[in-house]
Amino acid sequence: MVTKERVLEALKNVIDFEIGLDVVSLGLVYDIDIDDENNVTITMTMTTPACPLAGLILQDAEDKVRQIEGIKDVRINLTFDPPWTPDRMSEEVKKRFGI
C-alpha cells in the first residue's frame, strides 16, 4: 500500500549534498498527495532558489519514491512559495545547528 509515511521514509534517503542532511529533516518537503491510482505528487522546495544542485536533488527524490512498490507515477513540483526558512527544520536538526 502506498502511504504518505512510506513516501516520507523514501525521501529521508534524499540528501541535500551541500548541507549533508536529508530533505525531510531540513523541512524541504511541503506536501505529498497520493491519488486513487497511486500517482504521487510531491511539492517541495530548496533552501535557496539559487541552489546549484536542485536538479540532482529533485531527480534523486523522484528515483527514491519510484522504488516504492505500487507507485504508478511520481511528479515533483518545485516551489519557492512560501520560501524555505530554518524554522521548517526538524527539532533535531535545529539543535544540531544551535537554532
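## Packing of the two helices

Helix 1 and helix 2 pack against each other at an angle of about 130°, and their axes are 9 Å apart. An angle of this kind falls outside the ranges for roughly parallel, roughly perpendicular and roughly antiparallel pairs, and helix 1 and helix 2 are therefore oblique to each other. Their crossing is right-handed. These values, like the others in this report, come from a predicted model.

Which residues form the contact between helix 1 and helix 2? On the side of helix 1 they are Val7, Ala10 and Leu11, and these meet Ala61, Lys64 and Val65 in helix 2. Val65 also reaches beyond this helix pair: leaving out residues up to four places away in sequence, Val65 touches Val7, Ala10, Leu11, Val40, Ile42, Ile71 and Val74.

## The sheet

The model contains an open sheet of three strands in the order 3-4-5, and the pairing within this sheet is mixed. Strand 3 (29-34) and strand 5 (73-78) are the edge strands, each of which pairs on one side only. On average, neighbouring strands of this sheet are turned by 15° against each other, with direction ignored.

The mixed character can be followed through the two strand pairs. Strand 4, which covers residues 39-44, runs parallel to strand 5 and is joined to strand 5 by six bridges. Strand 3 and strand 4, in contrast, pair in the antiparallel sense, over five bridges. Thr43 of strand 4 has a partner in each pair: Asn77 stands opposite Thr43 in strand 5, and Asp31 stands opposite Thr43 as well. Other bridge partners are Thr41 with Arg75 in strand 5, and Val29 with Met44 in strand 4.

## Helices on the sheet

Both helices of the packed pair also lie against the sheet. Helix 1 (residues 4-11) touches strand 3 and strand 4, and its direction makes about 135° with that of strand 3. Helix 2 (residues 54-66) touches strand 4 and strand 5, and its direction makes about 150° with that of strand 5. Strand 4 is thus named in the contacts of helix 1 and in those of helix 2.

## The nonpolar core

How many residues belong to the largest nonpolar core? The core has 29 residues, and those with the most contacts inside it are Val7, Leu11, Val23, Val40, Ile42, Met44 and Val65. Helix 1, strand 3, strand 4, helix 2 and strand 5 are the elements that give two or more residues to this core. The largest share, five residues, comes from helix 2.

Several of these core residues appear in the contacts described above. Val7 and Leu11 of helix 1 meet helix 2, and Val40 and Ile42 are among the residues that Val65 touches. Met44 is the bridge partner of Val29.

## Leu8 and Glu9 in helix 1

Leu8 is found in helix 1. Is Leu8 buried, partly exposed or exposed? Its relative accessible area is 31%, and because the partly exposed class runs between the 20% and 50% limits, Leu8 is partly exposed. Apart from neighbours within four places in sequence, Leu8 is in contact with Val24, Val29 and Ile32. Leu8 and Arg75 are 67 residues apart in sequence, and their C-alpha atoms are 14 Å apart in space.

Glu9 also belongs to helix 1. At 47% relative accessibility, Glu9 counts as partly exposed. The C-alpha atoms of Glu9 and Val65 are separated by 9.0 Å, although the two residues are 56 residues apart along the chain.

## Backbone features in the loops

Strand 3 and strand 4 form a hairpin with four residues between them. Asn38 lies in the loop between these two strands. The phi of Asn38 is near 65°, a positive value in a residue other than glycine. With a relative accessibility of 25%, Asn38 counts as partly exposed.

Where does Pro82 lie? Pro82 is in the loop between strand 5 and helix 3 (91-96). The peptide bond from Asp81 to Pro82 is cis, with omega near 5°.

Note on methods:
Residues numbered from 1 in each chain as written. Predicted model: local features only at pLDDT ≥ 70, side-chain atom pairs only at ≥ 80, totals over all residues. Heavy atoms only, no water. Pairing = 2+ DSSP bridges. Axes fitted to C-alpha atoms, helices over the stretch in contact; angles between N-to-C directions. Contact = heavy atoms within 4.5 Å. Core = buried A, V, L, I, M, F, W, Y, C linked by side-chain atoms within 4.5 Å. Buried < 20%, exposed > 50% of the residue type's maximum accessible area, 1.4 Å probe, protein only. Parallel < 35°, antiparallel > 145°, perpendicular 65-115°, else oblique. Left-handed = near helix turned anticlockwise from the far one by under 90°.
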